Amino acid sequence: MKLVGKLVGVFRVAAGLTQAQLADRVGHQVETIASIEQGRRALLPELARRLDGLLETKGALETAVGNMPEVDLIPAWVEEYLDLEREALALSWYDNQVLPGLLRTEPYARAVFRNRIPVFAEDEIAIQTTGRLKRQEILHRTTPPTISFVVWEPVLMLQLLDDQGHAEQLNHLRTCAALPGICLQVLPLHHRTHAGLDGPFILLETPDYQHVAYSETQRGSLLVTDPDEVSILAQKYAMLRAQALSPEDTVGLLDRLLGEQ
C-alpha cells in the first residue's frame, strides 16, 4: 500500500497537480488522496483506473493494485465494501457472533474492540469505535437504505457490558427497529433449522442495482461479486428470514429480556 501510494504521489507531481486538484478531478476528498499517498488507505481498482487515465500512466496503477500481496488486498476489500455501504440502496445483514455494527451503542462497540486479541491500545480502541459509529450515519440519511437484520438469539444473551449497559443496548435495538426502512428479526435459539451455520454475511444492493456480498472471518474479509456466489448467500438469507421471529415478535422478545433485567 505504501509503494502504490508513493507511485500515486510521483505521478501526480509529474502531472503538475496538487493533491487538492487531483481530488477535485476524480471526485474524491483531498483527505482520501492524501491517505492513499501516505499508504494509510488502499487504492481501489476503480479509482486506480481513473487515475491511470487522468495521469496518462498507461495502466501502471491498475497493474500495481492488481498485483498487491493478499495481506494488502484484505484492507482493500474492506475499504471497497465501506464505500459501497455508504451509498447502498439496500442491505441484508446476518450476524451470529456480535450485534451488527450499525445497531451498536458506543459502549457496546467499545467493548467489542476491547475484547480483541491481540489487544488494541486504548487510543486504537477509540479510533476503531469512532469509525464504527460513524457508519451508522446511513441510518439517518435523507433517503435511508432499506435494511433487514437477522440476528441469532445467543447474540442478545452475550453480555459484554454491565446490567445497565446491556439494557441500554437492548433498548437501542428497539429504537432502531422503529426507524424507517429497518426490519429487525431474531432467529430463536430453540429453532430446529438454521440456514446460517456457516457464519455471518452481508448482502448489498448498489445505486446501479448491482448485488454484492461481504463476509469476515477470524483473519480476513472477502468482498463477493460473483453472481452465483451472491445468489447462494441470497438464498441463505431468504431462508433465515423465514426461520426467524417476525419483527413484531422480535420486539416482544426484546421487551421480555428488558423485563428480566
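**Entry 1: helix α12**

I began with helix α12, residues 247-259, and asked whether its length fits its residue count. At 1.5 Å a residue, the 13 residues of α12 should span 18 Å, and the end C-alpha atoms are 19 Å apart, which agrees. I note here that the model is a predicted one.

Next I looked up which residues of α12 are buried. I found Thr250, Gly252, Leu253, Leu254, Leu257 and Leu258. I recalled that an α-helix has 3.6 residues a turn, so residues three or four places apart point the same way. I then checked what the buried residues of α12 pack against, and found α9 (153-157), α10 (163-177) and β3 (182-187).

**Entry 2: the cavities**

How many cavities of 30 Å³ or more does the structure hold? I counted two.

The largest cavity contains about 50 Å³ of space. I listed its lining as Leu99, Tyr108, Val155, Leu156, Leu158, Leu160, Leu161, His166, Gln169 and Leu170. The elements that give two or more residues to this lining are α9 and α10. I noted that α10 gives the most, with three residues. Sorted by class, the lining of the largest cavity has eight nonpolar residues, two polar ones and no charged ones.

The second largest cavity has a volume of about 30 Å³. Its lining consists of Leu99, Leu103, Val151, Leu156, Leu173, Leu184, Val186, Thr250 and Leu254. I saw that β3 and α12 each supply at least two residues of this lining. This took me back to Entry 1, where Thr250 and Leu254 are among the buried residues of α12. By class, the lining of the second largest cavity divides into eight nonpolar residues, one polar and no charged.

I also wrote down that Leu99 appears in the lining of the largest cavity and in that of the second largest cavity. Leu156 likewise lines the largest cavity and the second largest cavity.

**Entry 3: Leu170**

I picked Leu170 from the lining of the largest cavity. Leu170 lies in helix α10. Is Leu170 buried or exposed? Its relative accessible area is 2%, and the cut-off for buried is under 20%, so I entered Leu170 as buried.

I then looked up Leu103, which is in the lining of the second largest cavity. Leu170 and Leu103 are 67 residues apart along the chain, and their C-alpha atoms are separated by 9.8 Å.

**Entry 4: the second largest pocket**

I moved from cavities to a pocket. The second largest pocket has a volume of about 580 Å³. It is lined by 22 residues, and the closest to its centre are Leu44, Glu46, Glu80, Asp83 and Leu84. I found that the elements giving two or more residues to the lining are α3 (30-37), α4 (45-55) and α6 (70-87). By class, I recorded nine nonpolar, four polar and nine charged residues in the lining of this pocket.

**Entry 5: Arg12**

Last, I looked at a charged residue, Arg12, which lies in helix α1, residues 2-14. With a relative accessible area of 12%, Arg12 is buried.

What does the side chain of Arg12 reach? I found the backbone oxygen of Leu17, at 2.8 Å. Leaving aside neighbours within four places in sequence, I listed the contacts of Arg12 as Leu17, Thr18, Gln19, Leu22, Glu37 and Leu55. Of the elements in Entry 4, α3 covers residues 30-37 and α4 covers residues 45-55.

Conventions. Residues are numbered from 1 along each chain as its sequence is written. This is a predicted model: local features need pLDDT of at least 70, side-chain atom pairs count only at pLDDT 80 or more; totals for chains, interfaces and linings use all residues. Side-chain values use heavy atoms; hydrogens and water are left out. Buried means under 20% relative accessible area, exposed over 50%, partly exposed in between (1.4 Å probe, protein chains only). A polar contact is a pair of N or O atoms within 3.5 Å; within protein, one must be able to donate a hydrogen and the other to accept it, and residues adjacent in sequence count only if both atoms are side-chain atoms. Contact means heavy atoms within 4.5 Å. On a 1 Å grid over the protein atoms alone, a cavity is a set of points where a 1.4 Å probe fits but cannot get out, and a pocket is an open set with protein on both sides within 12 Å along at least five of seven lines; lining residues have an atom within 4 Å of a point. Grid points are joined across faces, edges and corners, and a volume is the space filled by probe spheres set on the points. The expected span of a helix is 1.5 Å times one less than its number of residues.
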